[in-house]
Amino acid sequence: MQIKTFFKVSAIAGALALAGCGGGDINLSSNVDNSTSTTNNNNSGGNSGGNTGGNNGGQNVTLPGIPNTALTTQISTALGFDVQVQTLRDSISGDVTLPARTGNRPVFYAIQGELSVGTPGSAARTSRGNTDVAKLTIEPGAVLFGQSGRDYMVVHRNATIEANGTAANPIIMTSLQDVTGAATAPGQWGGLVVLGNAPSNRCPSDGSDCALQVEGVSEGGVFGGTIADDNSGTLRYVVVKYAGFEIAPDNELNGITFGGVGSGTTVDFIQVHANADDGVEFFGGSVNVKHLVLTGNQDDSVDWDNGFTGKMQHVFIQHATDSSEANRAIEADNDGSTPNAEPRSNPTISNMTIIGNNFDTADTDSEGIYLREGTAGKFYNTVITGPAEMGECLEFEAGATVTNATSGNIVFQNSVMACTNNENFKNAGDFDLGNWFRTASTNGANQVLTSILIDQNGVPNSNSPLIAANAGQNPASVDSFFDTAAYVGAFDGTTDWRRGWAFGFGGGVVTQQPTAQGCPTGTTAITPADGNTTTCQISGRITSNMTLTANNLYALDGAVFVGGDKTDSATLTIEAGTKIFGRSGNDYLVISRDSQIQANGTAANPITFTSSQDISGATTGAGQWGGLVLLGNAQSNRCPDDGSACALQVEGVQEGAVFGGTDDADSSGTLRYVVVKHAGFEIAPDNELNGITFGGVGSGTTVEFIQVHENADDGIEFFGGTVNAKYVVLTSNQDDSVDWDNGFRGNLQYVLVKHNPDNSQANRAIEADNDGSNPTDTPQSNPTIANMTIIGNAFDTADTDSEGVYLREGTKAQLYNFVVTGPAAMGECLELEAGATVDQALAGDTVITNSVFACSENFKDTANSSNAAFDLSDWVLNASGNAANSEAANQGAVLNGIFTIDTTTPRDLSGNSFFENANHIGAVSSSNNWTTGWTVGLE
């Protein structure tokens, strides 16, 4: 997962200006050059403690570590102001303070390799009291970072860390990329490990020294002992981001690892964000935690095992809002080989909110709580929720864990299951977990709800059942550790304790602001369609303005309407590079009358409408989804003649999708650099979805640089209207490439039609009508088209074949600068239907000039309305209204690929401001290849 970055220099500068600094003696027990960038230490006589503001009067302080000139230059340049970077490596002994600044200059600390606080492999203590002189104090606002997964900090047992941030100046541990504003991702550095002397059920049962090697760190990172209230220091207002590293399978660095950490340690207001493994993991111990935020972590957010007995309150867990990788909110064990080992894992948790996502693969998915391997636990005021494709909310492993539940060692009270996936509970064998949750005597006041009225950040609104009277119980009556909080979940609906310090909630920022991850309001996150990218499902009717951002994929779910018909109007804005897809012919997008689409792609980043198969890399083909429909208020000759309101049902779309009116200058928005692929769907004969359907769309709409590729019906079809289009590519479409009827009077220029080069299904490049029952009905179809290239293929069956232009049912047309050609087996290049269409040509109402025809059958003769023979060839080449038309031997005589090589002089189009005067006939020349970079299927 990559996150776009931008700098907030003023924000970080202001934050650092408030950060305090401390003095004191600096001792590093490694071979480290303790030379400093400043030497005037006016704060001698011990540490200054936890400063919460100011800059120590602008005084300079002695800095630990090695000045790093390269990183100082790199980071100062990235931030736009001067910082000092000090490298910390090997081990720290004695009493060491990391100031947040020296004088007026912020200080950042680069962790290099394993940074040990205290002595690796130190023996366990038998009573409280610090027997190791190592104490690391980190001042509020300090920034520490790693450059790889091998960079991490270990606070060994008997040593302490005093990381006392503040809400205004949290301590941040993050990656170099985050510091410099580069792309961030999980796993860019190692993490933080704290080790203590508290019990674990893996310690020797004979009372001998306990030294359990912790996961993810080098040999000597040991924990465990007999001191349940052991003190490893303080973590307060600490944000850990983009960490996690897999040393080997089942041997990983978590965001924060607690190994045998005792209850004398203070952990309050901490966050782990976007970690590559677990957010926090507790290996035994009894440490207590309040105000815990775990966001976007890729494995379990909370993991415990081996006798963890701590307490937690005010816990917010949210899987990545873009539905990227996640596993369980809580994965909880006692011991896999001895599920009943003592001390048994048995934490107590109150006021917890868990929000899953739609991540789902064959190996793992987003889930709620999974209790296993003999763990016990007590849960109060807990809510679990998530979207439709999330996995189960609650599961117990069969065996010892289920026995703990039925014997009262697992308790849920005043808790809510609110998953929308029809799997709030996953049963283990014959054990009915849902029934146990609702009715067990040790449980009470639990609920299963379908609506809990929380916002996307987990905060309940005033009507939420989570904060209703008697919804929660007072956990302070359970244990004095807990605050009074008689509501369900992490928040009371009034105070958001994350605000100002946690990343994504107004704090925790170095250079990179949290981007707007997740799906726009009104859409729903579903499983990433390509296995990685945030995928948002759009369904129903959009009645307020919506923007589709390019960092997501968007799935159409059935017929999606923008606005109602002339009511609840809305604008759908689509960023350049965005991809929207459908999964069946029933998935299509309709822009209703008085609503708009603003789809502004670029040549480098076109907007793509396509099929799910195309997104996932499966085999693509025509007809894999519906298509795009624009409906407007321009005229159609099917509107009532009496002037009453016009509302014509468009083809291929559910009832109520209507068009037509009196406003020929109406605007339905913009389609610019838009590619529509693999669409088209036949609802019934003569009732099909096209690639793009324009129903009564007005000339105020902008349509340029569009392509329809491999559509099962027509490429583009115009039902009346006056919309103009320029730079149009229509490739491998199975029916007509351009179709118009019912009074279409728009302009088109630079239109390239290429039937499938594999000679598969195709019909006409243009099939053009006015009205079948009343060919001279007005307004009469009469578009003007200039610079069009038509390349047919050899498709030919008893019912249909590849052809050029067919004018029929009374249409008129003004056709200039055409190249019509194809292989020898292609059907006719040009045909006019007998009757009214021929009459209009003979009357000079239809014109074709400055064009070349290079087919085996250039012209198909018909007759006029009096059944007199009509010599189409003579009319094209000799009629007084036509001029500069010719025939050529074959395709190679007029085209080189898609480029025009015929030298016919193009028509002067100066009389119409829409048209440009090209220096070639046909759509594309080698000197004017506007198709480059954004089209498909022209190879």
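**Cores, cavities and disulfides in a predicted model**

User: Which residues touch the most other members of the largest nonpolar core?

Analyst: Phe258, Trp304 and Phe396 do, in a core of 76 residues. Strand β5 (residues 105-117) supplies the largest share of this core, five residues. Another core lies apart from it, with 73 residues, including Leu589, Leu630, Ile848 and Val876. A nonpolar core is a set of buried Ala, Val, Leu, Ile, Met, Phe, Trp, Tyr and Cys residues joined through side-chain atoms within 4.5 Å. Buried means under 20% relative accessible area, with a 1.4 Å probe and protein chains only. Strands are DSSP runs of E, at least two residues long, numbered from the N terminus.

User: What should I know about the model and numbering?

Analyst: This is a predicted model: local features need pLDDT of at least 70, side-chain atom pairs count only at pLDDT 80 or more, and totals for chains, interfaces and linings use all residues. Residues are numbered from 1 along each chain as its sequence is written, and side-chain values use heavy atoms, without hydrogens or water.

User: Which residues does Phe258 touch?

Analyst: Contact means heavy atoms within 4.5 Å. Leaving out residues up to four places away in sequence, Phe258 touches Val194, Leu235, Val267, Ile270, Val280, Glu281, Phe282, Phe283 and Val287.

User: How is empty space found, and how many cavities of 30 Å³ or more does the structure hold?

Analyst: Rolling a probe the size of a water molecule over the atoms shows where empty space is left. On a 1 Å grid over the protein atoms alone, a cavity is a set of points where a 1.4 Å probe fits but cannot get out; lining residues have an atom within 4 Å of a point. Here there is one cavity of 30 Å³ or more. The largest has a volume of about 30 Å³. Phe258 returns in its lining, with Val194, Leu235 and Val267 among the others. β14 (233-241) and β18 (266-273) each supply at least two lining residues. β14 gives the most, three. The lining divides into five nonpolar, five polar and no charged residues. In that count, Asp, Glu, Lys and Arg are charged; Ala, Val, Leu, Ile, Met, Phe, Trp, Tyr, Cys and Pro are nonpolar; the others, Gly among them, are polar.

User: What lines the second largest pocket?

Analyst: A pocket is an open set of points with protein on both sides within 12 Å along at least five of seven lines. The second largest has a volume (the space filled by probe spheres set on the points, joined across faces, edges and corners) of about 610 Å³. Its lining holds 31 residues; Asp686, Glu688, Asp735, Asp736 and Glu767 lie nearest its centre. The split is four nonpolar, nine polar and 18 charged. β45 (681-684), β49 (716-719), β51 (738-741) and β53 (764-768) each contribute at least two lining residues.

User: How many disulfides are there?

Analyst: A disulfide is a covalent bond between the sulfur atoms of two cysteines. The cut-off is a sulfur pair within 2.5 Å. The whole structure has five. In sequence order, the bonded cysteines pair 1-2, 3-4, 5-6, 7-8, 9-10.

User: Why is the disulfide of Cys519 and Cys536 left-handed?

Analyst: The torsion about its S-S bond is about -85 degrees, so the disulfide of Cys519 and Cys536 is left-handed. Cys519 lies in the loop between β31 (447-448) and β32 (524-526), and Cys536 in strand β33 (residues 535-542), so the pair ties together parts 17 residues apart in sequence. The S to S distance is 2.2 Å. Both Cys519 and Cys536 are buried.

Notes. Helices (H or I, at least four residues) and strands (E, at least two) are DSSP runs, numbered from the N terminus. Buried means under 20% relative accessible area, exposed over 50%, partly exposed in between (1.4 Å probe, protein chains only).
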